[in-house]
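Visitor: I would like to be taken through the inside of this protein, one question at a time. Please show me the structure before we begin.

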Amino acid sequence: MQSDSVASQLEEEFTKIPFSQDLLESVMEILYLQNEALSLTNTDRIKWDEIQFVASEGYVSSFLGSSLMIYEKYGDLLRPKTIISIEIPLKETKSKRKIITLLQETSFLKEIGLQNEDELITINGEPIRYLSIQTVNRMLKGKVGETIEISILRNQNEKYSFKVPLKENKPSDQKIVEGQIWTGKFNFIYIKVSGFIKNNQSSATEMIKDLYFTLMEDAKNKNINIHGFVLDLRNNPGGFLDQIIECMRMLIPNGLLVTTQSSRTSPSMVYANQSSITDLPLVVLINENTGSGSELIAGVIQHYHRGIILGSKSTGQGLVHVLNKVSGEENSLIKIASSFLYLPNGKKFHETGITPNVWVSDRKELDHNLFDAKNNVQINSTTESKEKYQRLDITSISQWIEQNGTFGQKVKSDNDKNLLPDYQLYRSLDFFSGYLSTQK
């Protein structure tokens, strides 16, 4: 099993084996009897619920890559996350290697020394290569104040170990929606949304709406003229579909918003309902960790030319999931992909993601392709959309930024305060200002 080629061959052979629910139950019965026999001679008996979970997880994941077993209480899953965990973005190779990918420049993981393309090899001394991504993620959880030791392989021959602390989330870190007024030559309402969730007291869309009107009222009282609206969906994994739809309705006045389609049902179409709250020029920020419903919002805004999408290409998780309780298991539920999400033009974005109209670097170094509209227009956009954003005068915008941009000032201010600058946001704000200037 140490050979990559052997592991790859075994994986290919196992995928050819039909695995019905009846077969799953037969396998589980054998495992149960073996585990009972083991308990008679070994005090370190493996917990049956762990065996059951792992076996069921493998079975459920065969439905579709994003279908999985979740080892949490059903009610807890529907509330804002309170479990302390380390979120390491991983991709799995055919030979089951776990490669760290898409670490943001602002990630504390980079601060402690992790890098993109490092291979995660152990967690607290346990090899993780042949474990599922879901199992690895569970191993990265723990109590506040504890540390998790991980080891990585870099450049195939350099091994490093890191102790990663599990820090308590402060209330300010748990805000689902937060924002402020950015002032300068152009003034913006800026709102960042971490997830589209809801509970008995409130929902993300209600918070967005309340915060928007609060900031607008504050700007009015201070005689600040607002020129644009920035919606930050970076690192937003999505959430409840009804919340996603309400967010789109707050920004788009009319038209088809989304179609959902499964193999066994007729298409379900959802439309805007004239409930938009603003007609201000709009910019939406996305990145590699923008997923699911957040991608849908960006794609629909892009389709209707309602705003400009800035940042980097999104994840590509265009699926609707349903959550099912597991009979007799309080702490387990099944998350199964039930249908695809389709943009108003009838295209899926699952596995392809949303490409921004203009790519904006999140790195400290200034890339020569910092702003590139022509080569980054979404492939699935209409011809009209492509022409519209190819007409962006990048040269004039860049010249405006050179003379009037505040990127350097904001970075210096953060550095003076020992804060990690948000390079992508500051460049996007400069681009938005330059864009509005050229529109005059």
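Visitor: How many residues of E13 are buried?
Guide: This is a predicted model, in which local features need pLDDT of at least 70 and side-chain atom pairs count only at pLDDT 80 or more, while totals for chains, interfaces and linings use all residues. Residues are numbered from 1 along each chain as its sequence is written, and side-chain values use heavy atoms, with hydrogens and water left out. Helices (H or I, at least four residues) and strands (E, at least two) are DSSP runs numbered from the N terminus, and buried means under 20% relative accessible area, exposed over 50%, and partly exposed in between, with a 1.4 Å probe and protein chains only. Leu282, Val284 and Ile286 point one way from E13 and Val283 and Leu285 the other way, all of them buried, and the number of buried residues in this mostly covered strand is five of five.

Visitor: Which residue of E14 stands opposite leucine 282?
Guide: Strands pair if DSSP finds at least two bridges between them, and E13 is joined to the parallel strand E14 (residues 307–311) by five bridges. On its pairing with E10, E13 is again parallel, over four bridges, with leucine 285 as the bridge partner of aspartate 232. Opposite leucine 282, in E14, stands glycine 307.

Visitor: Which residues does isoleucine 297 touch, leaving aside those up to four places away in sequence?
Guide: A nonpolar core is a set of buried Ala, Val, Leu, Ile, Met, Phe, Trp, Tyr and Cys residues joined through side-chain atoms within 4.5 Å, and the largest one here has 45 residues, with Ile297 among those having the most contacts inside it. Elements that each supply at least two residues of this core include E13 and helix H9 (293–303). Counting a contact as heavy atoms within 4.5 Å, isoleucine 297 touches Phe196, Leu231, Leu233, Ile244, Cys247 and Met248.

Visitor: Why is the pair of phenylalanine 186 and tryptophan 400 classed as it is?
Guide: Rings of Phe, Tyr and Trp (its six-membered ring) pair if their centres lie within 6.5 Å, and planes under 30 degrees apart count as stacked, over 60 as edge-to-face and the rest as tilted; by this rule there are seven aromatic pairs. For phenylalanine 186 and tryptophan 400 the centres are 6.1 Å apart and the planes lie at 55 degrees, so the pair is tilted.

Visitor: Where along the chain do the two partners lie, and how many residues separate them?
Guide: Both phenylalanine 186 and tryptophan 400 are buried. Phenylalanine 186 lies in the loop between strand E8 (177–182) and strand E9 (188–193), and tryptophan 400 lies in helix H11 (residues 394–404), which puts the partners apart by 214 residues.
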